Each structure stands twice: as C-alpha cells, then as structure tokens.
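Hi,

Here is the structure I promised to pass on to you. Please have it open while you read, and my notes will follow below it.

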Amino acid sequence: MGFYDFLIQYWPRLLTGTGVTLAQFLLAAVIGIAISLCMGLMKLSQNALMRGAAVTYIEIFRGTSLVVQLYWIFFVLPLFGLTIEKFTAGYLAVGMNIGAYGAELVRGGILSVPKGQWEAALAINMSPAQRMRRIILPQALVSMLPPWGNLMIELLKGTALVSLISVADLMFEARQINASTFLSAQVFGAALVIYYVLARFLVTPFMRWLERHMARKLGRA
Amino acid sequence: MFDWKWDFTWEILPRLISATGNTLIAAGAGYVIAVVLGLMLALAQRTPSRAVTFTVREFVEFIRSTPLILQIFFVFYVGPQFGIRLSPWMSGMIAIGLHYACYLSEVYRGGIESVPKGQWEAAIALNMTTVQKYRRVIIPQAIPPALAGMGNYLVGIFKDTPMLSVIGVAELIHTANAIGSENYRFLEPYTMVGIIFLAISLPAAGLIRLFEGYVRRKLGL
Amino acid sequence: MLDKTGFPLEITGEDTPMVSFRKVNKSYGALTVLDDLDLDVAAGEMVSIIGPSGSGKTTVLRMLMTLERINGGVIYVDGKPLTHMPRGGQLVSANERHLRSRRADIGMCFQHFNLFPHMTALENCMEGPVQVLGLPKAEARDRSEELLELVGMIAKKDQHPSRLSGGQQQRVAIARALAMRPKVMLFDEVTSALDPEVIGEVTNVIRQLVSEHNLTMLMVTHQMGFARDISDRVCFFYGGRIEEQGPPTQLFGNPQRERTQQFLSAVREAV
C-alpha cells in the first residue's frame, strides 16, 4: 500500500492519537511547570528540611528512568490503595519527571538575577514574597525560557512513553495499526513526521514567541 | 501498609543483577556508537558544501525532535518489510546510538565553536592540512568544554535503555516486567529497578563531575 | 532605660539623632571592616563619607539599609533600634518583621542604579508605594509623576531602564527611593558608574534635595568637590574607623591628621 493510500485509510486514528498526545503534553506541562517552581524555590530555601525534600525529589526523578517512574506510578501505587487511571498516570508521570529537570532551570534562573535587584527590592522594603514574585521571578523567567524550550521538546517526546501503559496516544495508535497491518514504514514514518511537525512547527515557534514577548516586556527588544 | 516481601526480593535479585549487566552493555555500546557517529555528524556540518551542511543539520533536528521509542520501533519493524532482518539488540543499538549521536553532535559543535579564531589562523599559518588542523589543533581543544555535555548524555543513554524493552531486549525493565507477570507481584521488581537505576546514575554523575575537573586541571584550564 | 549590655532601648530627648551607630562592629571572617564605630547624624543633616577603598565606608550604608548584618553594637534610626528590638527589657537581634517596620524610614540609591528592568521608569517608582505601602494606584501615580518631574525624568516615564542612559537611570532610582517617603536617604557612590558628562545631572538633583527638602542624608562619594559643596559634615574613614570628621571647609581646608592629608593630596594629584 502506498503512503498516500495509507493516509487516506488511517488518518482518523492518527488524528485522535495526536489529540491524546497533545492533551497529555498540555496536562504534563502544567504539572511539570508547577513542580519546577515548587522544587526550584524549595531548593533555594533557607530551611534545610525544605532543601532536603527538593534535592531528594530532584535526584530520584532525574536519577531513574521515566519508564520506571511511569510503571511505578501505574502498577505499584495501586498496591498502596492509590489507584490512578491510566490517562492520569500518564501525564502525571511525565509531568513529575520533567518537573525535576525544570526545577534546576528555575533555580539557575533565580540565581542568575543580579544581586542588586534583591537589594533594590529590599531597599523599597518589600517582603521576601513580594521580592520573589514581583522582582526576581519575572526576570528569572526571561533568562530561563530558552532552556525551557528544549525541555518542552523533551516533554513532548516523553509523552510517547504513556503508550506503554496503553494510553491511546499517537504512539499507541501507531503500534496498533502496525500490529494489524504490518505497514511499518508507513505508520511509523507518519508518526515520526507528526511528532516532528508538532515539535518544530508548534512547540518551538510558541516558545520562541514567548521568549520575544517576555523580552519585549523587559524592554530589551 | 507495605506489603514488601524480602524473600521474594532476594529471590529475584540475581535475575535483576544479570539484567543490569545487559542494561550497562546496551548503554555502553550505544554510547560508543553515539560518540563516533556524533563526531562525524558534527564534522559533516562544517564541510564547505551548503547542501551537506543543510541536510545533516535538518536530519539532526528531526531525530532530536522525535521520540526515541518511536525510532526504536521504526528501525526494528521497517527492516523486515524490505527483507532486512535485524535482531532486537542490533536495532536497539542502531536507534539509541543514532539518537544520542545527534545530541552529541550538538555538544561537539558547541565545543568546536568555542575554539578561538586565532587557533584556526595559527593552524593555517603552520600550513596544516584540514585533517591535521582538526586532529592536532581543534579537536583536542574542543573536547574539554564538551566533556560536561558528553557526561550528561552518558547518564542519559543509560536512563533511556528501558525503552529497548519494547522490542524485547532483556534489560532491566524487560526483566522486571517478566518477573511481575510470572508472579503477579510488581512492587518489588519495579522498586528494585528504580533503586538500581539510582545506585548507578547518581555515583556516575558524581564521577563524571570529578573526571571533568581532573581533565580541566590536567589541561591547565 | 538601658539594656544589660549598656545600650539604651530607645534614644529620647530634644536632640535625638536621626541615625545613631553605637559601637558597631562588622567583620568578614578575620577581616574587620568596621571597628567600634560611633556615628550620629542629626535630623536634616547631610553627611558625606570619604576614604580609600576598603575603609568600610560603603558598609556603613549597607548596614543601615539592613543589607548586611552587624556583628556587634546597635544602630538606631529616629531613636528606635534598627538592628535590634526590645524584648523584656533587653535588646535582641531584630527579626524580619521588625526590620520591615523600621526599614520604612530609609531609602537608598545604588552605584549601579538597580532599577527593575521589567518595569518602566514610572512603574519602578510606583512599585513600592503600591505593593509595600498599599497606596491606591492613582495616588501612587501622582506621587511618582511628581517625583519624576522633580528629577527631570517625566518625559521618559514610560521608558524601560534599558532605553535610558546611566544618568537618567540614576535619577529615576532617586525618584523611586523618594517615593517611599523615607526619613533618611542613602547615596552609595551614585556617580561612580556614570560617564563624566552625565555626573552633573545626578549631582544637581541631589543638590536640589539638600536645599529644598529637610531629608537626612548619608552619601558615600569619590567626588571631593561635590562633597565639599553640599555637606554639613564630612567623615574621613580609614581602616574601619572615622579617622577625622568636621565641616567640609575644615576637613578639606585644614585636615589635622596625617592620613587625611595623605589621602586628600593623593586624590588631588589624580585629578
């Protein structure tokens, strides 16, 4: 079967798979960003207990594999009475994994803000929370956006692993079609192209736009 | 609450340890392929031919933007469609080696670009051939700044080996899956796999940092 | 009433100094930066601090702004302890809450301006009044525009700092500090990072503040001529202590101590 005929016949399934992939991507991104902020700030905390918790989280999630984390959350947590539905387990695992990497970016971004900014914020008598929220984080955000762009691509690629716990994403649909038709080159080729298009023409341009937008807000454009 | 069975843990440990051997071999072999192929991809982007540079650049972008697990499937299943049979190990090494070669080519590229212009000019002034220039002057200076990235990807490739389980490479996760479904117990195998990953990747990351420092000192940087 | 270590819990009376350093010590490890410093600044007084680098002069301002902790002694602002707080008849180290309540009396301008790059000139000035003082936006805007007018920056109020010259940024920074209505203003080498041709626009603003406002000011500067013109008193710092102090005419015209003489002649030669 030619590639064109293949697409005519199977595009609806590839499309629903892509939809699930995008949903997983967005939900995992929300979780990942929230965890990054939390853990990044905690790792900078004065409190040794908070720091310890953040370091433990980051090292565990960066030191093991996303596949292992995914299986653990989906197969092992139910044994502790915490059963998570596969769709949720999927984006949760991917988001928690990315959060550990993002935490380091948040920490680095905050540390890259010049000391004078902290001092000036203190000199107008801002509270520590105000300093962080109004002065430091907006500037940290600008400096950490470029590496976040790469991390978002890693996140998109990471969502392909949710197929391993049978979430019907693009990867899963591709495997199903392959199993029933053996049109491997067509189906995996099409899936590769779809992931590439999502990364190159959706995620990357959006992150670039965000970078430019934030730079403009800083008056640096 | 913890339904942890120590006798079962001890029983499965030998199998997991031998699977760890496979995981390490896969990571090691994949990394060797990536290190060599990555350098070729980096150098190919420095040829005078615009077409070659462009093609290689786009290829690297494509591989980096698409999921490794999909690439593994692609290599494993597409060959037979055209009469080429590759063993799971073979396809796995090709896919993971190629994937990381693209990452490493970016690391090399950064290293090569960090060599000051004066070094190129000095090499020309000594009337060196292109091969001599790279081999004697540029690459030795490009490696130290690239070491951190190279080390990170060594740990990265190790953490990505569980993806090889999907085509039947008997590495850690594959073995844990098998143990789990034979005994209907997932807690111990998956948890042990996580611990084994941590026990290897954390010291490895530390060793790599030490090695980096050692090389820097040795080169007087 | 005295603390058991001999420091008053509060300084009262007619001529309570606006700022008072009592036996203040500061060291970084083995390096002593300030050695039992005693310094009183009266309300409305303009005091300049001069001295060689490493003499501890910038540290004086940074401690008063609570950017640095002190190792010994007590600093009072407007009669009340700044670095300490009274607890059961004793002075104990100030907590964050006490620092916040006392910091409201102090404003500071920095060598490198430290304007917030993600805010316009006007937003920089409004940030403190709105977020910290809780002023309504309209009121904060009026106050900030008034001050930007005062420093001659009203035309550039909607520009981000990256679009402003060093002198312009420093003038905005002065307006930002004034918008908090501090009782004490600190100027830390505010002209040191500026190109020579724009120093005047900043010193003129400070001159105007001295002549028209009854602010207490402490200024660390390398500009001897400027210090001589506008100060009520000049302190020469050397080795973490005040080596010599007095009215500018006396200190510059007839310095008594050898180190002061050496320093001043070295500075004159450099010019």
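What follows is a short tour of the chain contacts, one of the chains, a few residues and the hollow spaces.

One thing to keep in mind from the start: this is a predicted model.

**How the chains meet**

Let me begin with who touches whom. Of the 2 pairs of chains that touch, chains A and B share the most contacts. Their contact takes 36 residues from chain B and 38 residues from chain A. Together chain B and chain A bury about 3200 Å² between them, and carbon and sulfur atoms account for 74% of that area. On the chain B side, the residues that lose the most area to chain A are Leu70(B), Lys159(B) and Tyr190(B), which together make up 18% of what that side buries.

Chain A also meets chain C. Here 26 residues of chain C are in contact with 26 residues of chain A. The area buried between chain C and chain A is about 2200 Å², with 53% of it on carbon and sulfur atoms. In chain C, Phe116(C), His118(C) and Gln131(C) lose the most area to chain A, and their joint share is 24% of what that side buries.

What about chains B and C? Chain B and chain C do not touch, and their nearest C-alpha atoms are 28 Å apart.

**A look at chain B**

Chain B has 8 helices and 0 strands, so to speak a pattern of α-α-α-α-α-α-α-α when read along the sequence. The C-alpha trace of chain B spans about 70 × 50 × 25 Å along its principal axes. Of the 221 residues in chain B, 48% count as buried. Taking the contacts in chain B between residues at least 6 apart in sequence, 78% join residues at least 24 apart. Chain B exposes about 11000 Å², and carbon and sulfur atoms supply 67% of that area.

**Three residues of chain C**

Which residues of chain C have a positive phi without being glycine? One of them is Phe113(C), with a phi of about 65 degrees. Another is Asn114(C), where phi is near 55 degrees. Phe113(C) is found in the loop between strand E8 and helix H3 (121–131) of chain C, and Asn114(C) lies in the loop between E8 and H3 of chain C as well. Are these two buried or exposed? Phe113(C) counts as buried because its relative accessibility is 11%, under the 20% cut-off. Asn114(C) is buried too, with a relative accessible area of 11%.

The third residue is Thr216(C), which has its place in strand E10 (residues 216–220) of chain C. Thr216(C) has a relative accessible area of 1% and is therefore buried. Which residues does Thr216(C) contact, leaving aside its neighbours within four places in sequence? They are Met18(C), Val41(C), Ala42(C), Ala43(C), Gly44(C), Glu45(C), Lys183(C), Val184(C) and Met185(C).

**Cavities and a pocket**

How many cavities of 30 Å³ or more does the structure hold? There are 3. The largest cavity has a volume of about 40 Å³. Its lining draws on chains A and C: Ala120(A), Ala123(A) and Ile124(A) from one, and Met108(C), Cys109(C), Phe110(C), Phe113(C), Ala173(C), Arg176(C) and Ala177(C) from the other. Phe113(C), the buried loop residue described above, is thus listed in this lining. At least two lining residues each come from helix H5 (115–123) of chain A, strand E8 (106–109) of chain C and helix H5 (166–178) of chain C. H5(C) supplies the largest share, with 3 residues. By class, the lining of the largest cavity has 9 nonpolar, no polar and 1 charged residues.

The second largest pocket has a volume of about 860 Å³. Of the 32 residues that line this pocket, the closest to its centre are Gln46(A), Trp118(A), Leu122(A), Arg131(A) and Glu96(C). Several elements each give at least two residues to this lining: in chain A, helix H1 (3–43), helix H4 (86–112), H5 and helix H6 (128–158), and in chain C, strand E4 (72–77) and helix H2 (96–103). H5(A) gives the most, with 4 residues. By class, the lining of the second largest pocket has 16 nonpolar, 9 polar and 7 charged residues.

Happy browsing, and do write back with any questions.

Best wishes

Key. Residues are numbered from 1 along each chain as its sequence is written. Chains are lettered from A and ligands numbered from 1 in the order in which they are written. This is a predicted model: local features need pLDDT of at least 70, side-chain atom pairs count only at pLDDT 80 or more; totals for chains, interfaces and linings use all residues. Side-chain values use heavy atoms; hydrogens and water are left out. On a 1 Å grid over the protein atoms alone, a cavity is a set of points where a 1.4 Å probe fits but cannot get out, and a pocket is an open set with protein on both sides within 12 Å along at least five of seven lines; lining residues have an atom within 4 Å of a point. Grid points are joined across faces, edges and corners, and a volume is the space filled by probe spheres set on the points. Ala, Val, Leu, Ile, Met, Phe, Trp, Tyr, Cys and Pro count as nonpolar, Asp, Glu, Lys and Arg as charged, and the others, Gly among them, as polar. Buried means under 20% relative accessible area, exposed over 50%, partly exposed in between (1.4 Å probe, protein chains only). Contact means heavy atoms within 4.5 Å. Accessible areas come from the Shrake-Rupley method with a 1.4 Å probe; for residues, only the protein chains shown count as cover. Buried area is the accessible area (1.4 Å probe) that two parts lose on being put together, summed over both.
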